[in-house]
Amino acid sequence: MPEALLSAIGAPRDVAAIDIGSNSVRLVLYRLEGRAIWTVFNEKVLAGLGRDLGETGRLSVEGAAQALTALKRFAAVIDGVQPAHTFVAATAAVREAEDGQDFCDRVAAATGLKIRVLSGEEEARYAALGVLAGIPYADGVVGDLGGSSLELVRLADGAVGRGTTLPLGPFALADARGFDADRLRQTIAGRLKPVGDYRSDTLYAVGGAWRTLAQVHMEITGYPLRIVHQYGMDAADLMDTARLIARSSKASLEKWPGLSRKRADTLPVAALVLEGLIDRLGLKRIVLSAWGVREGLLYEALEPEVAAADPLLAGCSALGARQGISPALPGALNGWIAPLMAALPPVFDRDRDAVLADAACRLADLGARLHPDHRVELAFDQVLRAPVPGQNHAERAYLAVAVNARYGGGASTPEPRTVTRLLTEEQRQGARALGLAIRLACDLSGRSPQLLVNARAGVKDGALILTAADGYADVLLGEQTRRRGKALAEAMGLKLDIRSSD
């Protein structure tokens, strides 16, 4: 474990990760704030190191030259940033090429970067750890598709199970006779025969090709929220998209928005591999993970107590803290609204509802430094699209609706189409009630935890009851409290009952 990261629970620090894959070479700079992990710089080069591996057993000459040029630049960036720690890892192409060690030596001589070449088992494990870092409750099978290989590994109960590596990357499936979908399907089916015991309902898909496939699926289905991480797709529906891609010519794929020429070369093969996995593993759902090997390396290096924290709550705390929020306010809010939340019907489930209410309280002052004329829409957009993991898209929308209500936004929200697509009517009502409860608590107390403890809110006999401690009724239960209480009571289908004391 890197010594420099052991104190990640303290002051924010920068960490760099370089991933040398069979297709891409990428540098990512992260800012760590405890368990909150932010990507602050991300650059990749599609070098295609493994492009010729199947034919020659060696790295692509052109790809190696491009990768070395990219790594020289990355080394210069790292030298300028001076991160607390730098991870440099290479995967299948460098691992399998007969000149892989020579490439590592050339990189070290030219840049000073020491490359750790991951075994297939290590690559699978780190991909799975990366998924868990971003989706702690993931349960199923991780599939990490690189240029040369596919790693499969089980996840269950927050633990990484056994993994395997298969020669199913686009470069490993290259055919000198040209692309033939039916012939390639047979090859893929043959190479997937040994993995029948990895059957699962859910595949957590990792890798650039599958991220691109998800973006194509979003475009085809008119999906309103263009965030790949935790984008969930029905396997049968995705099968149709995969078949469409497999039938499309390279020339037509290159015309699709945002699809590069190099990605157009490999996407049909990636689509056929996904087809084969859906058939072989009996998959019902595909969930994209933008976090993989790089984040797995970083996650392993965190102190255990930091790694165990909920990434959604950590991310919301970090966002809220930047607005100068009182450190004691989120906890005070969460405790104060708890009786109100308990009176509402479950939205996701009781345990998850409690986590989301906690997250919303940590975002209670997100708009404090935003312009008041635009606070509602800006705060809504920040929450909906914040790069905070540990939440699916419905939960993003739920929190955004809650923050919209917390700042006085109407029931329609700034993006009604997005919200309607992602949430049921019951979920929208629950989110709005949560936001109005936080608004009531904040405005009643002036966002002061010390004042908030002198008021109580509860639900009894069809009424929302607000009371104040002795001597605090005039201070806390004024006209604004009445307005906020009435709005919340109406959202909960209750009457408002304000009492000067218990």
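Let me begin with strands β2 and β3, which pair in the antiparallel sense over nine bridges, where two strands count as paired if DSSP finds at least two bridges between them, and where helices (H or I, at least four residues) and strands (E, at least two) are DSSP runs numbered from the N terminus. Within that pairing, Arg 26 has Lys 44 of β3 as its bridge partner.

Before I go on, this is a predicted model, in which local features need pLDDT of at least 70 and side-chain atom pairs count only at pLDDT 80 or more, while totals for chains, interfaces and linings use all residues. Residues are numbered from 1 along each chain as its sequence is written, and side-chain values use heavy atoms, with hydrogens and water left out.

The two strands I started with belong to an open sheet of five strands, in the order β3-β2-β1-β4-β5, with mixed pairing. Its edge strands are β3 and β5 (116–117), each of which pairs on one side only.

There is also an open sheet of three strands, ordered β12-β13-β14, again with mixed pairing. Here β12 (455–460) and β14 (495–498) stand at the edges with a single partner strand each, so one side of each is left without a neighbour in the sheet. From one strand to the next the twist averages 20°; for angles in general, axes are lines fitted to C-alpha atoms, for helices over the stretch in contact, and the angles run from 0 to 180 degrees between N-to-C directions. Strand β13 (residues 463–468) and β14 run parallel and are joined by four bridges, and Ile 465 has Asp 497 in β14 as its bridge partner. Across β12 and β13 lies helix α14 (residues 329–342), running at about 10° to β12.

Turning to helix packing, helix α2 (residues 61–81) and helix α4 (residues 100–111) pack at an angle of about 35°, with their axes 10 Å apart. The crossing of α2 past α4 is right-handed, a term used if the near helix is turned clockwise from the far one by less than a right angle, anticlockwise being left-handed. On the α2 side the contact (heavy atoms within 4.5 Å) is made by Ala 64, Ala 67, Leu 68, Leu 71, Lys 72 and Ala 75, and on the α4 side by Phe 103, Arg 106, Val 107, Ala 110 and Thr 111. By class, these residues divide into eight nonpolar, one polar and two charged, where Ala, Val, Leu, Ile, Met, Phe, Trp, Tyr, Cys and Pro count as nonpolar, Asp, Glu, Lys and Arg as charged, and the others, Gly among them, as polar. Ala 108 also lies in helix α4, and, leaving aside its neighbours within four places in sequence, Ala 108 is in contact with Leu 113 and Lys 114.

Now to the spaces inside and at the surface. On a 1 Å grid over the protein atoms alone, a cavity is a set of points where a 1.4 Å probe fits but cannot get out, whereas a pocket is an open set with protein on both sides within 12 Å along at least five of seven lines, and lining residues have an atom within 4 Å of a point. Grid points are joined across faces, edges and corners, and a volume is the space filled by probe spheres set on the points.

How many cavities of 30 Å³ or more does the structure hold? There are three, and the largest has a volume of about 410 Å³. Its lining has 28 residues, of which Asp 19, Ser 24, Leu 145, Gly 207 and Gly 208 lie nearest the centre, and the class counts are seven nonpolar, eleven polar and ten charged. The second largest cavity, of about 40 Å³, is lined by seven nonpolar residues, one polar and no charged; among them are Cys 316, Leu 319 and Gln 391.

As for pockets, the largest has a volume of about 800 Å³, and of its 33 lining residues Pro 170, Leu 173, Ala 174, Asp 175 and Val 269 are the closest to its centre. Helix α10 gives the most to that lining, with seven residues. The second largest pocket, at about 690 Å³, is lined by 32 residues, with β2 (25–33), β3 (36–45), α7 and α11 each supplying at least two, which brings us back to the strands β2 and β3 and their antiparallel pairing.
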